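Colleague: Hi! Could we look through a structure together? I'd like to hear how its side chains pack.

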Amino acid sequence: MKVFLESHNIKNPYTGFGQFNNHLLKGFFACQDPEVEFVVHSPKIDWLKKEFGNYFDYKRYTALRRYKWARVRKRYDVWHSLNQNTKIEPRHDQPYLLTVHDINFVDEISDDINHPRNQQFVEKLQRANAITYISEFAKKATHSFFDVPAVPEYVIHNGNPIVEHLDTSGFAADQRIDRPFFFSIGDFRERKNFHLLVEMMLHFPDYQLVLAGNDSKSYGQRVNELVENLGLQKQVLLIGRVDDLAKQYYFEHCQALLFPSLREGFGLPPIEAMAFGRPVFLANTTSLPEIGGSHAFYFENFEPAQMAKDVQAGLGVYSANQQTYETALKQQAARFDWTLAAQQYLEVYKSLR
């Protein structure tokens, strides 16, 4: 059977959708299922061929495909829309799988069901012959706001992006780290609550905070200005995008991952940190308790002084039971595997034949 992967967001490897698309392709490549052939929709065909060779067929993405007259004409055994935001749709009816990561647009754009953004999602739901969600929370949130059609639904958790621990001994940070540090990473959006972590650092004069991620103009500027206004330039380091080596260095050597995000369909950084046995402090909301499990620490309050107390208390518990926590956190991270996820998607494809 031929499966079309609408995966053009793979062009943005530093975003959540880019990571999802890239690692799912790696999972399919690892499975080598002889019953399934893939057509990958991407603007970066040469880059993908360097990694996967000719295992996948490729169709070059162009922005014109957003328009009905330029949609893909060919019919496939399954069309898989790899996220709920893509505007690329097939020209003809065919078995259609929709993967839902989150419905953050309801909170961030409009909660009016008739808003064009919500109607775009409604159309994708109505087109779907099956729906997969990356977390139980994503499924629950979708059902709470939208009328989901009576089609088969599945929860398939993402895997751990870190499949190999790199040798970070030769890594040198661009900015000076001269004391124990906390780490956080993600797109710079207000829901990530990076500004609260900056304010929290007033209560940790002997620590640094390293913030990595794709900086947005408005919120990134707000965080930068807050750092300057509080005089924390040497204590809070905004390092921008990082490659795999740098990311693993920060996960491996941080005192803890701080991740007080308010809206997460899944949340990959906690898994990455847990894979190194590092303590994680997460918002007790959306999908994060589902991902973090019972050995993560959770923020119940988002007042910076209280967050600092929660971190201090959690670090004490972790330090007193370090071996137990390291083992439990690594076991929790090991539950999430991209090859397993790919196998589950393959089963869904075959069910739609």
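Colleague: Let me start with one residue: is Phe266 buried or exposed?

Modeller: Phe266 is buried, with 2% relative accessibility. Keep in mind that this is a predicted model.

Colleague: Thanks! And how many aromatic pairs are there?

Modeller: The count is 33 aromatic pairs. One of them joins Phe145 and Phe146, with 4.9 Å centre to centre and 75 degrees between the planes, which is edge-to-face.

Colleague: Why does Phe145 count as partly exposed?

Modeller: Because its relative accessibility is 29%, and partly exposed covers the range between 20% and 50%. Phe146 has 5%, so Phe146 counts as buried.

Colleague: Back to Phe266: why is its pair with Phe336 edge-to-face?

Modeller: The ring planes of Phe266 and Phe336 are at 85 degrees, with centres 5.8 Å apart, so the pair is edge-to-face. The cut-off for that label is over 60 degrees.

Colleague: And where do Phe266 and Phe336 lie?

Modeller: Phe266 is in the loop between strand E11 (256-259) and helix H9 (268-275), while Phe336 is in the loop between helix H12 (322-334) and helix H13 (338-351), so their pair ties together parts that are 70 residues apart in sequence. Phe336 is buried too, at 3% relative accessible area.

Colleague: New topic: which residues have the most contacts inside the largest nonpolar core?

Modeller: Those are Phe28, Phe183 and Tyr349, in a core of 90 residues. H13 gives the most to this core, with seven residues.

Colleague: What does Phe28 touch?

Modeller: Leaving out residues up to four places away in sequence, the contacts of Phe28 include Leu5, Phe38, Tyr55, Ala342 and Tyr349. Phe28 also belongs to a cluster linked by ring pairs, together with Phe29, Phe38, Phe52, Tyr55, Phe56 and Tyr349.

Colleague: Nice. Which residues are buried in helix H8?

Modeller: In H8 (residues 244-253), Ala246, Lys247, Gln248, Tyr249, Tyr250 and Phe251 are buried. Among the elements that cover them are helix H1 (16-31), strand E8 (181-185) and H9.

Colleague: What happens at the start of H8?

Modeller: There, a side-chain oxygen of Asp243 comes to within 3.3 Å of the backbone nitrogen of Leu245.

Colleague: Last one: which ring does Arg117 lie over?

Modeller: Arg117 lies over the face of Phe105, 4.0 Å from the ring centre. Arg127 lies over the face of Tyr96, at 5.6 Å from the ring centre.

Conventions
Residues numbered from 1 in each chain as written. Predicted model: local features only at pLDDT ≥ 70, side-chain atom pairs only at ≥ 80, totals over all residues. Heavy atoms only, no water. Phe/Tyr/Trp six-rings, centres within 6.5 Å; stacked < 30°, edge-to-face > 60°. Buried < 20%, exposed > 50% of the residue type's maximum accessible area, 1.4 Å probe, protein only. Helix = DSSP H or I, 4+ residues; strand = E, 2+ residues; numbered from the N terminus. Lys NZ or Arg CZ within 6 Å of the ring centre and 35° of its normal. Contact = heavy atoms within 4.5 Å. Polar contact = N/O pair within 3.5 Å; in protein donor to acceptor, adjacent residues only side chain to side chain. Core = buried A, V, L, I, M, F, W, Y, C linked by side-chain atoms within 4.5 Å.
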